[in-house]
Amino acid sequence: RGGPLSDPVLARLLGLDLAGCDLRYTLLGLVAPAPLDSLTQPQADRYVAHLASTPPRRLWLDTRHGFVTAEELLGPQGELLLVRRLQDYQRVGGIYLPRRVEIRQGESALIVEYRSWELDTGLSQSTFTRGIPLDHLAPLE
C-alpha cells in the first residue's frame with residue numbers, strides 16, 4: 001500500500017478495484033487463506049464455501065475435480081464486488097494452478113492465460129560464495 005503498485009495505481013492501470021487483495025494470489029489463481037464461515041451445496045457436484053474474511057468471500061468448489069472454480073468478493077450488503085474464475089488446472093511442481101484466471105468487475109475484465117511456469121528452486125550456495133576464498137567459508141547446513 002502506498003508503493004508503486006498501490007491499490008489506486010492498480011485500479012487505474014487495470015480498470016479494476018482489487019479491494020486490497022494480495023496481487024500474487026489474485027493473478028496466480030491461488031486462494032488466500034481465511035476461516036470457513038459456512039458451507040452450502042447448491043448443486044450435487046458444487047459446494048459454496050463462505051469465508052470469514054474482509055471483504056467477505058465465497059468460493060465455488062467443484063467436488064468432481066477438487067478445484068476452486070470461482071471466487072467472489074462481497075460488499076457490506078452482500079453485493080458482488082468482484083468475480084474471479086479459475087479454469088484449466090495443471091500440476092506445477094507440487095501444486096495445481098489454473099492456466100486461465102479471469103477477473104471481472106462490472107464491465108471491466110482482466111484475463112490472464114498461462115502457457116508455462118518456471119519454478120523458483122532457490123539460489124545455489126555458489127551464488128552466495130562466489131569470490132570468497134574457501135578457507136573463509138563455514139559449512140552451510
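This report walks through a predicted model, from its sheet to its charged pairs and its aromatic rings.

## The sheet

A good place to begin is the sheet. Seven strands form an open sheet, and their order is 1-2-3-4-5-6-7, with antiparallel pairing. At the edges lie strand 1 (36–43) and strand 7 (108–113), each of which pairs on one side only. From one strand to the next, the twist averages 20°.

Now look at two neighbours in that order. Strand 3, residues 57–62, pairs with strand 4, residues 67–74, in the antiparallel sense, and 6 bridges join them. One example to find on screen is L59, whose bridge partner in strand 4 is E71.

## Charged pairs

Side chains of opposite charge can pair when their charged atoms come close. This model holds 10 salt bridges. Among them are the three in this table:

| Salt bridge | Closest N to O distance |
|---|---|
| D62 and R46 | 3.5 Å |
| E72 and R58 | 2.6 Å |
| E102 and R100 | 3.1 Å |

Take the pair of D62 and R46, whose side chains meet in a salt bridge. This pair links distant parts of the chain, with D62 in strand 3 and R46 in strand 2 (residues 46–51), 16 residues apart. How accessible is D62, buried or exposed? D62 has a relative accessible area of 9%, so it counts as buried. R46 has a relative accessibility of 23% and is therefore counted as partly exposed.

The next pair brings us back to strands 3 and 4, where the side chains of E72 and R58 meet in a salt bridge. Here too the pair links distant parts of the chain: E72 belongs to strand 4 and R58 to strand 3, and they are 14 residues apart. E72 is buried because its relative accessible area, 8%, falls under the 20% cut-off. R58, at a relative accessible area of 23%, is partly exposed.

In the last row of the table, E102 forms a salt bridge with R100. E102 is buried, with a relative accessible area of 10%, while R100 is partly exposed at 22%. Which residues make up the network of salt bridges that includes R100 and E102? R100 and E102 are linked in this network with R104 and E113.

## A histidine in a loop

Between strand 3 and strand 4 runs a loop, and H65 lies in it. The side chain of H65 makes a polar contact with the side chain of D62, at 2.8 Å. That brings us back to D62, the residue that also forms a salt bridge with R46. Along the chain, H65 and Y89 are 24 residues apart, and their C-alpha atoms are separated by 9.7 Å.

## Aromatic rings

A pair of aromatic rings is described by the distance of the centres and the angle of the planes. The model holds 3 aromatic pairs. One of them joins Y114 and W117: the pair is stacked, with 5.7 Å from centre to centre and 25° between the planes. Y114 has a relative accessibility of 19%, which means that it counts as buried.

Y89 appears again in this part of the story. Which residues do ring pairs link into a cluster? The cluster consists of F67, Y89 and Y96. To place F67 in the sheet, look at strand 4, which covers residues 67–74.

Key: Residues are numbered from 1 along each chain as its sequence is written. This is a predicted model: local features need pLDDT of at least 70, side-chain atom pairs count only at pLDDT 80 or more; totals for chains, interfaces and linings use all residues. Side-chain values use heavy atoms; hydrogens and water are left out. Two strands pair if DSSP finds at least two bridges between them. Helices (H or I, at least four residues) and strands (E, at least two) are DSSP runs, numbered from the N terminus. Axes are lines fitted to C-alpha atoms, for helices over the stretch in contact, and angles run from 0 to 180 degrees between N-to-C directions. A salt bridge is a side-chain nitrogen of Lys or Arg within 4 Å of a carboxyl oxygen of Asp or Glu. Buried means under 20% relative accessible area, exposed over 50%, partly exposed in between (1.4 Å probe, protein chains only). Rings of Phe, Tyr and Trp (its six-membered ring) pair if their centres lie within 6.5 Å; planes under 30 degrees apart count as stacked, over 60 as edge-to-face and the rest as tilted. A polar contact is a pair of N or O atoms within 3.5 Å; within protein, one must be able to donate a hydrogen and the other to accept it, and residues adjacent in sequence count only if both atoms are side-chain atoms.
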